[in-house]
There are 2 protein chains.
Amino acid sequence: MPVTKMKATIRSVAIDLFYRKGYFATSISDIARGSGIQKASIYYHYVSKEELLFSILESTMDDLTDYVRENLNRVRDVEERLRVAVRSHVRFHLTRQRENFIANSELRGLSEPNYRAIVRMRDAYEGIFQDLIRQGIDDGVFAVVDVKILSYAILTLCTAGASWFKPEGRLSVDEIAAIYENFIVSGLKREDETISTLSRAASGGIFFP
Amino acid sequence: MPVTKMKATIRSVAIDLFYRKGYFATSISDIARGSGIQKASIYYHYVSKEELLFSILESTMDDLTDYVRENLNRVRDVEERLRVAVRSHVRFHLTRQRENFIANSELRGLSEPNYRAIVRMRDAYEGIFQDLIRQGIDDGVFAVVDVKILSYAILTLCTAGASWFKPEGRLSVDEIAAIYENFIVSGLKREDETISTLSRAASGGIFFP
DNA sequence: CGTGGCCTACCGTCCGGTCGGTAGATTTAT
DNA sequence: ATAAATCTACCGACCGGACGGTAGGCCACG
């Protein structure tokens, strides 16, 4: 069943408003006005405001996962695979900026079951990066690091771009992707002194009484 | 004039609820119930719901800035200064987790003037890190990088901890701070091939049609 | 002619905020 | 010293309005 024209319009108006004003601050009337129809007509296409939000989040997560996986299929070298994953992640987030921003700030609008569904998808997606980092460590390409923390760090980092990126701004999507890519890879590759620094910090030195 | 007991109670109940349910999903009645008081009495202490939010955000930003600046005063070496800044930032965000989470997710609840006030404070705070990075570049300690992007990246990275950190979890505040610190410093110190990687990505290679 | 796609009209609920009032502590005036 | 005045901290009742959602009707088009 094809998505009808109006259903798609409603969706894109909703994305725009959720992005600009937030989910809770956007009313169904706002969306209707933006779509050029009456409020009640929204409910012909979507059963509730939450379902509208959920469908946006779900398809965004789906598309993101597909996009990254597909690009990963073309590469074998583990460092290059991480680079590709980061690049894909950044590109996706910057080109579909508004949807991704919503996906990272409006989970609050979901009821328990829908919330869990999205979280499950996010976990699966994070798994891609965690596997990549683990693989890199096993192959001796990356330093031994805390995989979970670092995967969060990497994803947060790149995702954040979606909150300040402006297409007409100073830097292009590819330039930003390259900056992140290099920063992350060199952060992961160091053969550093994690332990010593850690114990120095944990020993309760001169700072932080 | 000292902050009265009840005013402080309301404040901390509000922080707890804003953190757990979000600003818009928290009603004044909720806060009143949590404070053991009637709804109307809230308005004796705060003129509006927004003022309550604003006062939380404002004092959090104040305290954060003071804390980081104070710790920075004790160090001169530029790399160590960045390490201290990162460490302070992380520590503050993880120990005052809920306030910081709110400060980074509920700016939407502010009207224009209040919003601008907080953004101004944030800009000033970011300036500390940007100056540090610039200084490091000038001194040849850090690689030449895009200061603005990298400062956003660093702050976002560390701030994100406030959204998943659990005090009773696997890692302590200091361990997490050390992980971030090392990751960031080694990300900044590389003498890398930003330009070549950039042009490779921008040249529209095999990926990303 | 029937049904997909939209409309008008309406409902119950909840929310931020206001109002008038009050018990009791504190300050001031005599 | 005490009575009057004022202030502090709170309460119960209420308001206008917005919101998500529903019921049922209308009408163009296959």
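A:Asp146 counts as buried, at 16% relative accessibility (buried means under 20% relative accessible area, exposed over 50%, partly exposed in between, with a 1.4 Å probe and protein chains only). A:Asp146 sits in the loop between α7 (112–138) and α8 (147–164) of chain A. Across the chain boundary, A:Asp146 is in contact with B:Arg170, B:Leu171 and B:Ile179, leaving aside neighbours within four places in sequence (contact means heavy atoms within 4.5 Å).

This is a predicted model, in which local features need pLDDT of at least 70 and side-chain atom pairs count only at pLDDT 80 or more, while totals for chains, interfaces and linings use all residues. Residues are numbered from 1 along each chain as its sequence is written, chains are lettered from A and ligands numbered from 1 in the order in which they are written, and side-chain values use heavy atoms, with hydrogens and water left out.

**Confidence**

- Chain A has a mean pLDDT of 89, and 90% of its residues reach 70 or more (pLDDT is the predictor's confidence in each residue, from 0 to 100).
- Within chain A, confidence is highest in helix α4 (residues 49–72), at 98, and lowest in helix α10 (residues 194–202), at a mean of 40.
- Residues 192–209 of chain A have pLDDT below 50, and this stretch has 25 contacts in the model beyond near neighbours in sequence.
- Helices here are DSSP runs (H or I, at least four residues), as are strands (E, at least two), numbered from the N terminus.

**How the two chains are related**

- Chain A superposes on chain B by a rotation of 180° with 0.0 Å of shift along its axis, at an RMSD of 0.1 Å.
- The two copies are thus related as by a two-fold rotation axis.
- The superposition is by least squares on the C-alpha atoms of residues with pLDDT of at least 70 in both copies.
- A:Gly187 comes closest to the rotation axis of the residues of chain A, with its C-alpha at 2.2 Å.
- The copies meet through the same surface, because 98% of the interface residues of chain A are also interface residues in chain B.

**DNA strand C**

- DNA strand C is surrounded by 15 residues, and the closest are A:Gln38, A:Ser41, A:His45, B:Lys39 and B:Lys49 (a residue is near a strand if one of its heavy atoms lies within 4 Å of it).
- Sugar or phosphate supplies 59% of the strand C atoms within 4 Å of the protein, and bases supply the rest.
- A:Gln38 places a backbone N or O atom 2.7 Å from a phosphate oxygen of strand C.
- A:Ser41 has a side-chain N or O atom 2.6 Å from a phosphate oxygen of strand C.
- A:His45 has a polar side-chain atom 2.7 Å from a phosphate oxygen of strand C.
- α3 of chain A and α3 of chain B each supply at least two residues of this surface, and α3(A) gives the largest share, 4 residues.
- By class, the surface near strand C has 7 nonpolar, 6 polar and 2 charged residues.
- In this classing, Ala, Val, Leu, Ile, Met, Phe, Trp, Tyr, Cys and Pro are nonpolar, Asp, Glu, Lys and Arg are charged, and the others, Gly among them, are polar.

**DNA strand D**

- DNA strand D is surrounded by 16 residues, and the closest are A:Lys39, A:Lys49, B:Gln38, B:Ala40 and B:His45.
- Of the strand D atoms that come within 4 Å of the protein, 60% belong to sugar and phosphate.
- Backbone N or O atoms reach phosphate oxygens of strand D from A:Ile28, at 2.8 Å, and from B:Gln38, at 2.6 Å.
- B:Tyr44 has a polar side-chain atom 3.3 Å from a phosphate oxygen of strand D.
- α3(B) gives the most to the surface near strand D, with 4 residues.
- That surface divides into 7 nonpolar, 7 polar and 2 charged residues.

**Helix α2 of chain A**

- The buried residues of α2 (residues 28–35) include A:Ile28, A:Asp30, A:Ile31, A:Ala32 and A:Ser35.
- Their cover includes α1 (5–21), α3 and α4 of chain A.
- A:Gly36, just after α2(A), takes a positive phi of about 70°.

**A buried position in chain B**

- B:Ile133 lies in helix α7 (residues 112–138) of chain B and is buried, with a relative accessible area of 0%.
- B:Ile133 and B:Leu82 are 51 residues apart along the chain, with their C-alpha atoms separated by 7.6 Å.
- Not counting residues up to four places away in sequence, B:Ile133 touches B:Leu82, B:Phe142, B:Val145, B:Val147, B:Leu150, B:Ser151 and B:Ile154.

Notes. A polar contact is a pair of N or O atoms within 3.5 Å; within protein, one must be able to donate a hydrogen and the other to accept it, and residues adjacent in sequence count only if both atoms are side-chain atoms.
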